[in-house]
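Work through the exercises below with the sequence and the 3D view open. Try each task before you read its solution.

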Amino acid sequence: MTQQGHPLAYRGDIDGLRAIAVLSVVLYHFGIPLRGGFTGVDVFFVISGFLIGGILWREYTEWGSIRLGAFYVRRFRRLAPAFFAMLAVTGALGWVLLLPFEFREFGKSAIAATVYLSNVLFWKQTGYFDVAAHDKPLLHTWSLAVEEQFYIFLPLLIVALSRSRRAVIWALVLTWAASLAACVWFTPTHPSSTFYLFPFRAWELLTGVLLAIWGLSRGTDWRGWKPLTWLGLGLVLASVLAIPAGPLFPGLLAIIPVLGTALLLANANNTGTVNRLLTLPAMRFFGLISYSLYLWHWPVYTLSTYLRDGYAYPAEAVVWMALSVGLAYLSWRFVEQPVRRARLPGWAVVLGTFAASSAALAGGAYLYVNNGVAQRFGPEARVHIDASADFLQDFSRCYIADTLPLDGLEVCPIGPEGAPRVLVWGDSHVRAFKEGLDMAAHEAGVPGIILWRAGCAPLFDLRKVESAATPAQDNDCRQANVQIKQSFGRLTSIDTVLLIGRWGYYAEGRGTGLDEGNTIKLFPTARPEKVGEPQVEVMTEAAEATVAQFERYFANIYVLRQPPEVPLYDSRRAAREAAHRGLPLAARATIEPEVTRNALISRAARSEAPWRDLVQAGRVRWLDPWPYFCGREDCGAVHDGVGQYFDNNHVTNRAALRVREVFAPVFGAVPEATQTGASDG
């Protein structure tokens, strides 16, 4: 994304190539249907390698070494001013717009971007309930970090091997080959690593470096063969239009834009049609502002969609793109150019960069240490902000079992130390209730263990296909449940089992309200499938089989009634709406923190049908948390001014602790008379 110095005379075609790269990325991010617009970053990588490699190789050839100090002063002068201007403005807007947990993460990413490690940070941020990519205003700095790591690697390698020209070239060639091989080899199994990390991207930059060395060694004028410019342009455009995003990239697919860019760099400095296209005034304009446009477009996109909750009309994206171009021009005209033209001594450039970096690090640390400064917002927003931050449970006691019968499964002890007497098995709703379960177990003095897996029904003789899971995760669910089924004969200390799950999701086959797009299909494994069979019947059969298996080993079987879903609630979106209320262009409020009982009865009845006969027969004991979340007519996500839900179906830690007495019968702390019968809502 950077414009470098010039190893040879200025080439307008390179600015045109930069224009293709940056416009591809910008249009892709703003939703214009360019399937592979993200490959513009790969084009930038090759250009940067070509220009920086040319600068360093020419200096090495003339002087036998490289003046590292002068090189880094040029880099600071070129890159730092626009970056820190973007960071300051984005931080100021973030103070107004971003919720605390998002602003805390902004602070962390500001630190990482300032020290050239944001690619590593974003590579590591791939967890459950992580902040979505479009809520990370500095996500685009990952590619800048890759380039900056390249600026450290390349000159130091040349200096280290400067006594032997042959050694430098061989080191570059071998590094290029190793990086390419690693990228191709590991992309299918570690796509996030190969996408973000420098060792797997180095070959793209080194392609440009080796091309520059080859050309300078031959004294080429880069006019080349005109038909190859058409091939190069075709490969670049094919990449932008056709390469799919996903786990197959970069890998072999990245070779296409890299090769196309290399062909254009090697052959397009001529009077052919491709050169004339690349040197059109509009193309050169976007090439000149490409660094600033790359810097500014992503914060504009993330913050505008954040404020607007997406774009109401496709034309709205055009307005925000135009704003990005305007900011990029201002940044180029009044930040980049003045600093580049100013006759500043090297020490002044270094001192200015150090001061700006120190300020960025201090600001990022302040935001992170103060958890995003929640006091920026009023009490209405704080209720939902607190709920959005109240979904991190203490899993410090959890471990991956390495002995039978639970080897390979995550086991989470609850209650006091000792042989477990209670098994709690479920999906992510177990995670949500974990703190309440642990407290109830401690209060009763009864040790237990938790087994949980997100989106995995705690039922036997099933397999699932879920939209929010990969085929491997679906298979892991089935295998884990089979292993749990086979473990009971060895779990001799356990006499009580509790099942917790999002029963409505499994019975209906989809979420509700805000997560209605999440779907899950259940299939029996103990018999052939029946065409058109209602999913609730498959679940009913699995519930019967599961209870029958439990009855062979455990004296007490409990099932938690699923807490009421609040279909149109999400704590993060509710907090955002409350925080943005009154701001210009803020999205219309759509969150509803309350729902009537009547609206829930039908779905609740279907989700509880698989358990009703088992409860009435006395084979299962039913625990009902609804009275804690519902009044006579309504159920709500807020109780006494405290948020009770993280999203529309997961409760917060505070809610789990508040309702923990529901679990008391499981741990034998209160008489069984307090248990309730199955309800229809």
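**Exercise 1: The whole chain**

Of the 681 residues in the protein chain, 54% are buried, where buried means under 20% relative accessible area, exposed over 50%, and partly exposed in between (1.4 Å probe, protein chains only). The model is predicted: local features need pLDDT of at least 70, side-chain atom pairs count only at pLDDT 80 or more, and totals for chains, interfaces and linings use all residues. Residues are numbered from 1 along each chain as its sequence is written, and side-chain values use heavy atoms, with hydrogens and water left out.

Task: Find how many helices and strands the protein chain has.

Solution. Step 1: know the terms. Helices (H or I, at least four residues) and strands (E, at least two) are DSSP runs, numbered from the N terminus. Step 2: count them. The protein chain has 25 helices and 13 strands. Step 3: add the extent. The C-alpha atoms fill a box of roughly 90 × 50 × 50 Å along the principal axes.

**Exercise 2: The open sheet**

Task: Give the strand order of the open sheet, then name its edge strands.

Solution. Step 1: apply the pairing rule. Two strands pair if DSSP finds at least two bridges between them. Step 2: read the order. The sheet has 7 strands, ordered 1-2-4-3-6-8-10, with mixed pairing. Step 3: go to the edges. Strand 1 (399-400) and strand 10 (621-623) each pair on one side only. Step 4: look at one pair. Strand 1 and strand 2 (residues 410-414) run antiparallel and are joined by 2 bridges. Tyr 399 stands opposite Val 411 in strand 2. Step 5: check the loop between strand 1 and strand 2. Pro 405 is found there, and the peptide bond from Leu 404 to Pro 405 is cis, with omega near 10 degrees.

**Exercise 3: The second largest pocket**

Task: Describe the lining of the second largest pocket, and say which helix gives the most to it.

Solution. Step 1: define a pocket. On a 1 Å grid over the protein atoms alone, a pocket is an open set of points where a 1.4 Å probe fits, with protein on both sides within 12 Å along at least five of seven lines; lining residues have an atom within 4 Å of a point. Step 2: take the volume, about 590 Å³. Volume here is the space filled by probe spheres set on the points, which are joined across faces, edges and corners. Step 3: find the centre. Among the 19 lining residues, the closest to it are Tyr 28, Phe 38, Phe 195, Tyr 196 and Ala 245. Step 4: name the elements. Helix 1 (12-29), helix 8 (191-196) and helix 14 (290-308) each give two or more residues. Helix 8 gives the most, with 4. Step 5: sort the lining. It holds 15 nonpolar residues, 4 polar and no charged. Ala, Val, Leu, Ile, Met, Phe, Trp, Tyr, Cys and Pro count as nonpolar, Asp, Glu, Lys and Arg as charged, and the others, Gly among them, as polar.

**Exercise 4: Ala 245**

Task: Is Ala 245 buried or exposed?

Solution. Step 1: locate Ala 245 in the loop between helix 10 (226-242) and helix 11 (255-267). Step 2: compare with the cut-off. Ala 245 has a relative accessible area of 52%, so it is exposed. Step 3: list contacts (heavy atoms within 4.5 Å). Leaving aside neighbours within four places in sequence, Ala 245 touches Tyr 28, Arg 35 and Phe 38.
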